[in-house]
Amino acid sequence: MKKLSIGIIDLITKAPSRTMWGRVMSANFASIMPQVIATWCEEQGHEVTLVTYTGREDLFKELPQKVDVVFIGSFTESALLAYALSNLVRARGAVTVIGGPHARCYSQDAQKYFDYVLGFTDKALILEVLADCAQHRPMGLHLSADRHPAQLPSVSERWKFIEQTLRKAPFIKIVPLLGSLGCPYTCDFCIDSSVPYQPMDTDAMKEDLSFLLTKFKRPRVAWHDPSFGVRFDRSMDAIEEVVPPGRIDFIAESTLSLLSEKHMVRLKRNGFKALLPGIESWFDLGKKSRTGEITGMGKVKKVAEHINMILRYVPYVQTNHIVGLDSDEGSEPFELTKRFLDLAPGAFPAYSLLSAFGQAAPLNLKLQADNRVLPFPFHLLSNTQMNVRPLHYSWPELYDRLIGLTRYSFSPRMLLRRFAANGETIPRWLNVVRAFSSEGFGRAKYFTEMRRRLTTDKSLRSFFEQETNEIPPFFVERIRTDLGEFWDWLPEGAINHDPNAYLMSQYSTRSA
Ligand code: B12
Ligand code: SF4
């Protein structure tokens, strides 16, 4: 096979950016798959350039001028940048491939701008793409493996790519690992609700951890598993076999149901420093938080007690909450979250507005059938923009309550209580920095601006009320400013998409 020049771009951020937070932390949010694909391609003898885009790099310069294939890993919020880049490198003669969360969620839309759109991706699929390596236009090929790969190249095999990424993180350097893929739980709003749980090989895990101990004095590892610790003893046994107590600091996203006190003792002993459990809702998903049928204030008290127990064992806890679920109504869910913060002041609350990312989750089919999904441009679609018409709130009411909750969460009183409740220096200051960043005050400011516009900006209000699909000029301007020079490469029509494409694809599959 001809030796190819291959570019791989990991879009960690959605536009050029020079924030201090980004400078210090962005590279730590790199994805695993672009490094994996880079390794697979190099193994085949191809020439590979991996660019981890943190917003500071000059993408026009970093990719070789003559490149045969460009793979882009993208979230939905960075999809417009991905589309612009695809357009740019296609103009230079390259074939383009998109993978990652956006490709899984909005494959139909991505096919308009890429030659290949990949779902689940394993080595065989990458080799298939490289063997074909042809233009597929105007509609790209949508290809997917049957499932996630059973194994990935080891950390030592991908070290070259990990190292070049971590060089961009000046102080804190975090290596991403995977102990499992998929999830055994079935939360119907989640991308993993229908992906079978698949633990990775523990020998490979041990090899990776041992290797990292040779590279750093005290490595920091973030588990990218959707829900870490489902096979708890198996994972802990593997860590204990190769990592002397406290030699590696771990961060993991997990569910409350897995974080019993017995498990916390072991997690502490093994160096777990930050946990991100999902609480999601006070009225739903009791199984996940181990609160069963208990809802409302009963659940708040039980979860707060549980979080306080966890905080006795790990210094940093972020609790994940979803705002705008159909089970929520009136002021109660918001007031309950405030009571929760009063009872568990040490936790950092992260709020995600209910977002239906295309075909990510089974719930999205129902939302699309009910005509409740709005065509917000992808650039605005992270978890801070709800693209689902709320069932029990008007938009102004939802924003009013959200602003109240955000202000409460980052009020001087709450910041002081959180500071006092955290025992260690790094967690204390991390919480302060996060409160002052786009996550705390930044969000309160954004939500306040949106609320003001809901009253004063007719085009924006009509869009929210689904009276028109025309993107409000306020949003268009924001995207143009954010994308900067990439705006000129954005293909025509790319800021619009069909919010019901998933539903439509079901009809066409059935009638085919
Ligand atoms: C770990 C994780 C993170 C980590 C690491 C992110 C990263 N860069 O990978 C952190 C905490 C940093 C993070 C942050 C965010 N996240 Co996140 N995250 C996850 C989580 C839990 C697991 C993702 C994962 O690594 N899975 C393991 C990999 C191997 O599987 P996979 O992603 O499905 O990838 C497969 C294919 O897509 C493909 N593939 C993946 N990448 C690539 C790249 C190429 C080039 C190719 C060809 C193929 C390919 O191969 C894989 C194997 O089959 C998912 C939820 C979930 N359960 O999937 C959310 C998820 C991906 N995150 C989500 C979001 C919204 C965010 C944020 C925007 C949230 C926010 N507001 O801040 C930020 C964005 C950060 C960024 N731009 O990097 C959404 C994405 C939805 C979407 N369509 O965009 C998800 C799906 C959760 C959700 N809300 O439903 N996240
Ligand atoms: S929300 Fe968490 S627990 Fe529920 S299916 Fe998704 S990954 Fe699993």
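How many cavities of 30 Å³ or more does the count come to? The count comes to 5, and the close-ups below visit the largest one, a ligand and a strand. This is a predicted model, in which local features need pLDDT of at least 70, side-chain atom pairs count only at pLDDT 80 or more, and totals for chains, interfaces and linings use all residues. Residues are numbered from 1 along each chain as its sequence is written, chains are lettered from A and ligands numbered from 1 in the order in which they are written, and side-chain values use heavy atoms, leaving out hydrogens and water.

**View 1. The largest cavity.** A cavity is a set of points, on a 1 Å grid over the protein atoms alone, where a 1.4 Å probe fits but cannot get out. The largest has a volume of about 110 Å³, the space filled by probe spheres set on the points. Its lining (residues with an atom within 4 Å of a point) has 13 residues, with Trp282 and Asp328 among those nearest the centre.

**View 2. Around ligand 1.** Meet the 31 residues around ligand 1 (a heavy atom within 4 Å); Phe29 and His148 are among those that come nearest. A nitrogen atom of the ligand is 2.3 Å from a side-chain N or O atom of Asp192. Ser31 places a polar side-chain atom 2.8 Å from a ligand nitrogen.

**View 3. Strand E7, residues 174-177.** Strands are DSSP runs of E, at least two residues, numbered from the N terminus. Ile174 and Pro176 on one side, and Val175 and Leu177 on the other, are all buried (under 20% relative accessible area, 1.4 Å probe, protein chains only). E7 pairs with E10 in the parallel sense over 4 bridges (pairing takes at least two DSSP bridges).

Technical notes
Buried means under 20% relative accessible area, exposed over 50%, partly exposed in between (1.4 Å probe, protein chains only). On a 1 Å grid over the protein atoms alone, a cavity is a set of points where a 1.4 Å probe fits but cannot get out, and a pocket is an open set with protein on both sides within 12 Å along at least five of seven lines; lining residues have an atom within 4 Å of a point. A polar contact is a pair of N or O atoms within 3.5 Å; within protein, one must be able to donate a hydrogen and the other to accept it, and residues adjacent in sequence count only if both atoms are side-chain atoms.
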